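Could you walk me through this structure in my viewer, one selection at a time? I would like to know what to pick next and what I will find there.

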Amino acid sequence: MNGVPRILASGFGYLEAARWRDGGLYFSDVKERKVFRMASDGSYAVVLELPQRPSGLGWTTDGDLLVVGMEDNSLKRVGAGGDIRASLDLSGHAIHTNDMTVDARGNAYVTQFGYDLFEHAPPEPSDIVRIDEAGNVAHFGGGLVFPNGIVIAPDGKTLVVAESFSHRLTAFDVAPDGGLSNQRLFAQFGDPERDIPDGICMDSAGAVWAAMPFAGEFRRVLDGGTVTDRITPAPGAGTYCVDCILGGKDGRTLFMLVADTDVERLGNDWDSSASVQAVEVAIP
């Protein structure tokens, strides 16, 4: 039985890339060009401010923060003091970089729009870009339509990506060298107007929590497509469900990034306001 969602903090712009690390919640404010760290009680501080809009977050094996730059198609490595130690240009590999997950070996898997969404270009298939810790770039997956939220299973053997405009979750096997293979369907959603998955995370049972902005809910989805749980945001702070992550002291808090916006408003210079919400769930 899930708990009742509560608002931890509001007054943000547009939030992405929820990550739980070392007892804190990290997330990017795309609109305000900032990265935040929040404690479980809702208190928060700015970790980093960038000239480019940040999105996906992760960490290297030695603890440096990795940040996807959306506007310059970059992957930035940031030291503990906020200094940018390196910036890798991915413009020859991706169109409008977006989210990211990083595995235990330091491989960063970056998703991309694949086309110019805000200029109303038609959808184009794209792929996942992997960058290893030496800076080598490789491409995996084929025919992915707007690969978006992305997560690696706790055992490191499976990667799942949300294909927003194919209305599905797609899985891959992860090889010991970080390569991806055995591309397959994890879950197919049925309503093309509402079932557009965005950010995702995975619980210890291998189920995926998916943010569904057009449906205004977060869904827990099993491999095969069965939906076991649906959670709607707390009232009064919007219904555009963007991303989520499990964390907290026992791993049973689902932190939810929720916006008051829509697609048309987002295309108008990220016209949005956002909140961080939390709810207790059964499976960590």
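Happy to. Keep in mind throughout that this is a predicted model.

**Stop 1: the whole chain**

Start with everything shown as a cartoon. The chain has one helix and 24 strands, and its C-alpha trace spans about 45 × 40 × 40 Å along the principal axes. For 284 residues, a compact globule would have a radius of gyration near 19 Å, and the 17 Å found here agrees with that. Now colour by burial: 56% of the 284 residues count as buried. If you turn on contacts and keep those with a separation of 6 or more, 45% come from residues 24 or more positions apart.

**Stop 2: strand E23**

Select residues 253–260, which make up strand E23. Seven of its eight residues are buried, so the rest of the structure largely encloses this strand.

Next, add the strands it pairs with. On one hand there is E22 (240–247), which runs antiparallel to E23 and is joined to it by seven bridges. Look for Asp243, which stands opposite Leu257 in E23. E22 and E23 form a hairpin with five residues between them, and Gly248 in the turn has a positive phi of about 85 degrees.

Then bring in E24 (273–280). Eight bridges join E23 to E24, again in antiparallel fashion. Here the residue to click is Phe255, which stands opposite Ala278 in E24.

**Stop 3: the ring beside Phe255**

Stay on Phe255 and show the side chain of Trp20. The two rings form a stacked aromatic pair, 5.3 Å centre to centre with 10 degrees between the planes. Trp20 sits in strand E2 (residues 15–21) and Phe255 in E23, so this pair ties together parts that are 235 residues apart in sequence. Is each partner buried or exposed? Phe255 counts as buried, at 2% relative accessibility, while Trp20 is partly exposed, with a relative accessible area of 25%.

Showing every Phe, Tyr and Trp ring lets you hunt for the others: the count comes to 12 aromatic pairs. Among the rings, Phe12, Phe27, Phe36 and Tyr44 are linked into a cluster by ring pairs.

**Stop 4: the nonpolar cores**

Keep Phe12 and Phe27 selected and add Trp209, Leu254 and Val276. These five have the most contacts inside the largest nonpolar core, which has 38 residues. Strands that each supply at least two residues of this core include E1 (6–12), E3 (24–29), E4 (34–38) and E19 (208–212), as well as E22, E23 and E24.

Another core lies apart from that one; it has 16 residues, among them Leu169, Phe186, Ile200 and Val221.

**Stop 5: the four-stranded sheet**

Leu169 leads to the last stop. Leu169 has Ala187 in E17 as its bridge partner. E17 is joined by six bridges to E16 (residues 168–174), and the two run antiparallel.

Widen the view to the open sheet of four strands, in the order E14-E15-E16-E17 with antiparallel pairing. Which strands stand at the edges? They are E14 (147–152) and E17 (180–188), each with a single partner strand, so one side of each has no neighbour in the sheet. Look along the sheet to see the twist, which averages 25 degrees from one strand to the next.

Methods
Residues are numbered from 1 along each chain as its sequence is written. This is a predicted model: local features need pLDDT of at least 70, side-chain atom pairs count only at pLDDT 80 or more; totals for chains, interfaces and linings use all residues. Side-chain values use heavy atoms; hydrogens and water are left out. Rings of Phe, Tyr and Trp (its six-membered ring) pair if their centres lie within 6.5 Å; planes under 30 degrees apart count as stacked, over 60 as edge-to-face and the rest as tilted. Buried means under 20% relative accessible area, exposed over 50%, partly exposed in between (1.4 Å probe, protein chains only). Two strands pair if DSSP finds at least two bridges between them. Axes are lines fitted to C-alpha atoms, for helices over the stretch in contact, and angles run from 0 to 180 degrees between N-to-C directions. A nonpolar core is a set of buried Ala, Val, Leu, Ile, Met, Phe, Trp, Tyr and Cys residues joined through side-chain atoms within 4.5 Å. The radius of gyration is taken over C-alpha atoms; the globule rule is 2.2 Å times the number of residues to the power 0.38. Contact means heavy atoms within 4.5 Å.
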